[in-house]
Amino acid sequence: MTVVLDSHETLYEPRRKPVVPDMPPKMAPDTNQGTHPLEPLLKVEDLTVTFGRGETALTALNGIDLQVAPGELLGVVGESGAGKSLLSAALMGLLPREGRIASGKVTLAGDRIDTLGDAEMQKIRGRRIGMIFQDPMTSLNPLLTIGDQITETLVSTLNLTSSQARKRMLELLDEIGITEPQIREKSYPHEFSGGMRQRVVIALALAGEPELVLADEPTTALDVSLQKQIIGLIANLCKTRSAGVILITHDMGVVAQNADRVAVMYAGRVVEVGPTAQLMTNPMHPYTRGLIQSIPPLDYRPNRLTQIPGAMPRLRHIPSGCAFHPRCPQAVDACRQVTPAMERRGDRQARCLLYADDPIKAGGVA
Amino acid sequence: MTATAISLRGVSKTFYKRRSLVDVVRRTPVSGVTAVNGVSFDVKPGKTFALVGESGSGKSTIAQLVVGLQQADAGDLLIKDQSMLSGRTVGLDMARTIQMVFQDPYTSLNPRWQVGAVISEPCRALRLGLSEPEIRDRVADLLTKVGLHPSDAGRSAHELSGGQRQRIAIARMLAAQAEIVVCDEPTSALDVSVQAQILNLMRDLQDEFGLTYLFISHNMSVVRFMADDVGVMKQGRLVEQGPAEQVFSAPADPYTRALLAAVPRPEPEAVH
């Protein structure tokens, strides 16, 4: 019986290692190291995803604009039903059959990827976009050893020979904090704890040396004490590789501690984007403020929590104007009729009439 | 009023692996997992005692022991000063006294039932002696109490959102006229804004009905808001317990400190 060693979950410190030298050179996007590069790695422009056609079509994602720079970690937060996971599915070309990209443009390092067919998209996934999902047990093949799974991915994404791939696999295992890789590569996923499994999933996502990593609720299935380590690992490994990360989560705390910038989604739209610290201390959009205030404080016990009344609307019943207006403490009459445009304040943006110079002209009448 | 609502005294529970015939013939040693190991704590009437800890620490096993879904191997469990382990059958009295609110509102309500049926079920099953019109009034009254509309009684559980479902589960618990409520991660399946609604509601109802909560959660900030007293569990043992104020401001056990340090906070000073 193999014993699952949990001890180094806590002892592990991320070690930074140069990427293996005999790799084929990547199109390294190293010219722009700042947070606001001239040419972002991922550029999502006015992305709209609909379900169904004609009169009954539902708009699930509505005019999403996002950018991710190389090495940047963008947090995407919002409650269930906001469209976070649909956004990641749209970026990966994995929309459900009924869904389609109705308009907009997605470019990855200058290459348009939203118009690619399944076969071409298959080459992008794993190779240029790495994916980390919520449940590590279902992302791994239970019948293959973890060493074989990573080696297989390396062979298929990077065209390595099996001996090169094995060498690289052992390095990857070491990088994700698995001690004695030569022994543990022979383990099966069920012999690993949840945290170790998620580390293996991270190794798989990074195996193809992707430019962008999409992490969809990567720690929701894990204990809180592992959360920090796992997200820290993703952040570190991607920074050293200059890979951009989109971290999708419902947890404002996770985002606050790891993201460079945050995008807040509500009912299929991005309602606020900005640098993490500013957005967390001084949120522009009332929804962002509500989300932050709903979290119970840790240092004292208030009599009541600030709550956002109501619930996220369903797709079929998205309110007119600003979709948040029925729940918004600051809503005025205009919010019911006018769909707010993105208003810019320095490097921050919010979709709220509070920031529109002329609310009536702001977004055109919906 | 009794001195304690719930009292555990050195309670232990071990789960054994099922032995096959081969194990018996080969005399393989019996292997088991001690989920709860010598745990003692008291829950005061009308107060909230929270159990925190990671998955596998034994929190949920304690919940099951308290509501009688599991039997303890050792120690004593008292509900309102009466021992539950002395072989007495747990009857309707017990079910009226203790109710449970479960973690997942999607599996704890029958999706085919109408909301009215879900809430009125305890009134009938626990023989509360109400007439049908009285039951109907009570359902309407409870729906209002938990922030829903009396007309929601005619809807099916599957039409409702997670937060609404959890409100129904709370109304069902109130319908049984429970005094003690065991809440096993009642908000961990909910979004944070809805979580705030449900936690506020639970505290309001506690004030109104004098409910005693045994509140189980892995979320330290939720526990901070709900708990009067806290017990920290690790690998089946209670490593620290005391008034919430004290446990949070001056945690004595290193494990409690580690749990507190792991909480991701939205405050900017936490940004590295």
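Two strands are taken to pair if DSSP finds at least two bridges between them. In the predicted model described here, this criterion is met by β1 (residues 6–16) and β4 (residues 74–79) of chain B, which are joined in the antiparallel sense over 5 bridges. Within this pair, S7(B) has L78(B) of β4(B) as its bridge partner. β4(B) also pairs with β5 (residues 82–83) of chain B, again in the antiparallel sense, over 2 bridges. Here I79(B) is set opposite Q82(B) of β5(B). The hairpin formed by β4(B) and β5(B) has 2 residues between its strands, and K80(B) adopts a positive phi near 50° in this hairpin.

Chain B as a whole contains 10 helices and 10 strands. Its radius of gyration is 20 Å, close to the 19 Å given by the globule rule for 272 residues, so chain B is as compact as a globular protein of that length. The C-alpha trace of chain B spans about 60 × 55 × 40 Å along its principal axes.

An open sheet in chain B is built from 6 strands in the order β6-β7-β8-β3-β9-β10, with mixed pairing. The edges are occupied by β6 (98–101) and β10 (237–243) of chain B; each has a single partner strand, so one side of each lacks a neighbour in the sheet. On average, and with direction ignored, neighbouring strands of this sheet are turned by 15° against each other. Within the sheet, β3 (residues 48–52) and β9 (residues 229–234) of chain B are paired in the parallel sense over 4 bridges. V52(B) finds its bridge partner in V232(B) of β9(B).

Helices of chain B pack on this sheet. Helix α7 (residues 192–209) of chain B touches β3, β7 and β8 (212–217) of chain B, and the direction of α7(B) makes about 155° with that of β8(B). Helix α6 (residues 162–175) of chain B lies across β6 and β7 (180–184) of chain B and runs at about 180° to β6(B).

α6(B) is also in contact with another helix. The axes of α5 (residues 132–145) of chain B and α6(B) come within 9 Å and cross at roughly 130°. α5(B) and α6(B) are therefore oblique to each other, and their crossing is right-handed. On the α5(B) side the contact is made by R138(B), L142(B) and L143(B), and on the α6(B) side by I168(B), A171(B), L174(B) and A175(B). By class, the residues of this contact comprise 6 nonpolar, no polar and 1 charged.

A helix pair was also examined in chain A. Helix α5 (residues 146–158) and helix α8 (residues 194–207) of chain A pack at an angle of about 15°, and their axes are 9 Å apart. This angle makes α5(A) roughly parallel to α8(A), since angles under 35 degrees count as roughly parallel. The crossing of α5(A) and α8(A) is right-handed. From α5(A), the contact involves I146(A), Q149(A), I150(A), T153(A), L154(A), T157(A) and L158(A), while α8(A) contributes V200(A), A203(A), L204(A) and A207(A). The contact of α5(A) with α8(A) divides into 8 nonpolar, 3 polar and no charged residues.

Terms used. Residues are numbered from 1 along each chain as its sequence is written. Chains are lettered from A and ligands numbered from 1 in the order in which they are written. This is a predicted model: local features need pLDDT of at least 70, side-chain atom pairs count only at pLDDT 80 or more; totals for chains, interfaces and linings use all residues. Side-chain values use heavy atoms; hydrogens and water are left out. Axes are lines fitted to C-alpha atoms, for helices over the stretch in contact, and angles run from 0 to 180 degrees between N-to-C directions. Contact means heavy atoms within 4.5 Å. Angles under 35 degrees count as roughly parallel, over 145 as roughly antiparallel, 65 to 115 as roughly perpendicular and the rest as oblique. A crossing is left-handed if the near helix is turned anticlockwise from the far one by less than a right angle, and right-handed if clockwise. Ala, Val, Leu, Ile, Met, Phe, Trp, Tyr, Cys and Pro count as nonpolar, Asp, Glu, Lys and Arg as charged, and the others, Gly among them, as polar. The radius of gyration is taken over C-alpha atoms; the globule rule is 2.2 Å times the number of residues to the power 0.38.
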